[in-house]
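Biologist: Could you walk me through this one? I'd like to start with the ligand and then look at the sheet.

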Amino acid sequence: MRRIAILGSTGSIGTSALSLLEQLEGFRVIGLAAQRNVMRLADQIARFSPRLVSIATAEGAAQLRAELQRRGVRALPDIRHGPEGLIALATAPDVDIVLVATVGAVGLLPTYRALEQGKRVALANKETLVMAGQLMTEKAAATGAEILPVDSEHNALHQCLQGVNRRDVARLILTASGGPFRTLPAAELARVTPEQALQHPTWRMGPKITVDSATLMNKGLEVIEAHWLFGVAPEQIDILIHPQSVVHSMIELVDGSILAQLGPTDMRYAIQYALTYPDRRPTPLPRLDFSLALHLEFHPPDLERFPCVRLAYEALRRGGTMPAVLNAANEVAVAAFLEHRLPFLAIATVIERVMRDHEPEEPRQIEDVLRADAWARARAHQVIAALVCAESPES
Ligand SMILES: NC(=O)c1ccc[n+]([C@@H]2O[C@H](COP(=O)([O-])OP(=O)(O)OC[C@H]3O[C@@H](n4cnc5c(N)ncnc54)[C@H](OP(=O)(O)O)[C@@H]3O)[C@@H](O)[C@H]2O)c1
């Protein structure tokens with residue numbers, strides 16, 4: 001029996017994981033955590049009976065307790081809240097696998113603490129590796145913890161790399177759908193709305209990653225994630241636009257052979273692989289249907305229209321705390337865009353200006369990363385305020 005805690009159980013990845021676990025034998029849900037979705041968390045508690053749960057605030061915890069009592073749930077779980085609650089789940093002695101499916105920097109400390117405990121971390125929350133890839137991978141190596149990527153591209157690369165001598169790998173090729181604005185002319189990008197950005201052509205995901213897919217920052221974050229997961233230099237990691245999202249990623253070997261992993265656009269395949277690795281289990285899900293005249297296209301990304309990719313490569317090359325700064329500025333800018341406070345194209349402007357003002361340092365401990373993150377958030381808010389002020393008609 002593998003015992004699992006899911007951080008972010010009410011989100012897109014979290015609900016996919018639980019729907020998979022309804023059908024997959026040999027797993028027991030020990031812990032669940034969410035930010036504010038009390039009703040969905042209460043449904044999940046009633047269905048999976050975890051012994052430990054966490055929610056973002058004390059008020060949320062009180063609401064959850066009242067809701068469970070209202071429903072007549074007999075054995076109430078241990079209800080925690082805040083960052084400490086997430087860490088309690090990530091480090092619980094009876095948890096073997098921590099599925100980190102929170103979004104953004106909130107996953108950083110729980111992931112690190114789980115690695116300190118030598119656990120398997122099934123990692124969807126890519127921002128944690130972007131922020132502190134070196135510290136995370138060093139900690140995992142020191143404790144024998146495993147980081148199994150859930151992100152479909154890295155999950156695909158992990159599968160392609162099985163049995164391959166790392167010296168024989170010429171490059172990693174991350175595929176990208178290209179997002180909803182793949183073919184939109186640059187002039188029209190200036191006017192796109194959050195509602196349009198949230199219409200992803202192939203994947204159904206949470207709002208932050210969907211906007212990241214529209215700016216292509218998602219692929220930039222994935223380049224950094226791939227660098228840390230697989231120890232490959234930035235210049236050996238390429239991006240290919242592949243609108244059908246059937247090839248989840250590829251590796252090219254020194255002899256020119258290319259190995260690819262293909263599958264339907266459903267995150268449950270990647271989640272299952274990360275949970276059962278190194279075993280393979282028969283999938284309860286539909287298989288890829290080649291009778292549907294599968295048509296696959298690939299072409300290079302347009303870095304002029306989508307500058308976030310360039311910024312991510314730059315952050316990786318400059319190293320130290322710069323990727324954490326890129327990530328924090330992006331989180332703040334995306335939130336402002338989603339709240340209609342910032343135009344789409346200004347997301348990249350904000351990130352570039354915040355990076356310009358940062359002198360990266362080598363983080364020695366996780367607190368150094370948190371400090372850079374806090375600085376970048378404050379700076380991004382200032383940059384946004386200045387941009388909005390400059391745009392306003394009265395100014
Ligand atoms: N969705 C995908 O297909 C996909 C694919 C590849 C990678 N990823 C990565 O996976 C991560 C999750 O993405 P998603 O699309 O599943 O996001 P999402 O739908 O927005 O879900 C985020 C989850 O995190 C929870 N959460 C947020 N802040 C929290 C906090 N402070 N404390 C506790 N829980 C908190 C949310 O709770 P509430 O529901 O209560 O707000 C929700 O359960 C992201 O890093 C994303 O880049 C996602």
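Modeller: Here are a few questions and answers on this model, which is a predicted one.

Biologist: Which residues come nearest to the ligand?

Modeller: There are 29 residues around the ligand. The ones that come nearest are Gly 8, Gly 11, Ala 124, Met 205 and Gly 206.

Biologist: Which element gives the largest share of that shell?

Modeller: Two elements give two or more residues to the shell: helix H1 (12-21) and strand E2 (27-34). The largest share is three residues, and it comes from H1.

Biologist: How many residues of the shell are charged?

Modeller: Let's sort the shell by kind. There are 13 nonpolar residues and twelve polar ones. The charged ones number four.

Biologist: Where does the ligand lie with respect to domain 1 and domain 2?

Modeller: Domain 1 covers 2-149, and domain 2 covers 152-261 + 273-300. Both give residues to the shell, so the ligand lies between them.

Biologist: Now the sheet! Which strands are at its edges?

Modeller: Seven strands make up an open sheet with parallel pairing, in the order E4-E3-E2-E1-E5-E6-E7. An edge strand pairs on one side only. That picks out strand E4 (78-81) and strand E7 (146-149).

Biologist: By how many degrees are neighbouring strands of this sheet turned against each other on average?

Modeller: Here we ignore the strands' direction. On average, neighbours in this sheet are turned against each other by 20 degrees.

Biologist: What is the bridge partner of Ile 4 in E2?

Modeller: Strand E1 (residues 2-7) pairs with E2 in the parallel sense, over six bridges. For Ile 4, the partner in E2 is Val 29.

Definitions and conventions: Residues numbered from 1 in each chain as written. Predicted model: local features only at pLDDT ≥ 70, side-chain atom pairs only at ≥ 80, totals over all residues. Near = placed C-beta within 6 Å. Helix = DSSP H or I, 4+ residues; strand = E, 2+ residues; numbered from the N terminus. Nonpolar A, V, L, I, M, F, W, Y, C, P; charged D, E, K, R; others polar. Domains from an automatic or database assignment. Pairing = 2+ DSSP bridges. Axes fitted to C-alpha atoms, helices over the stretch in contact; angles between N-to-C directions.
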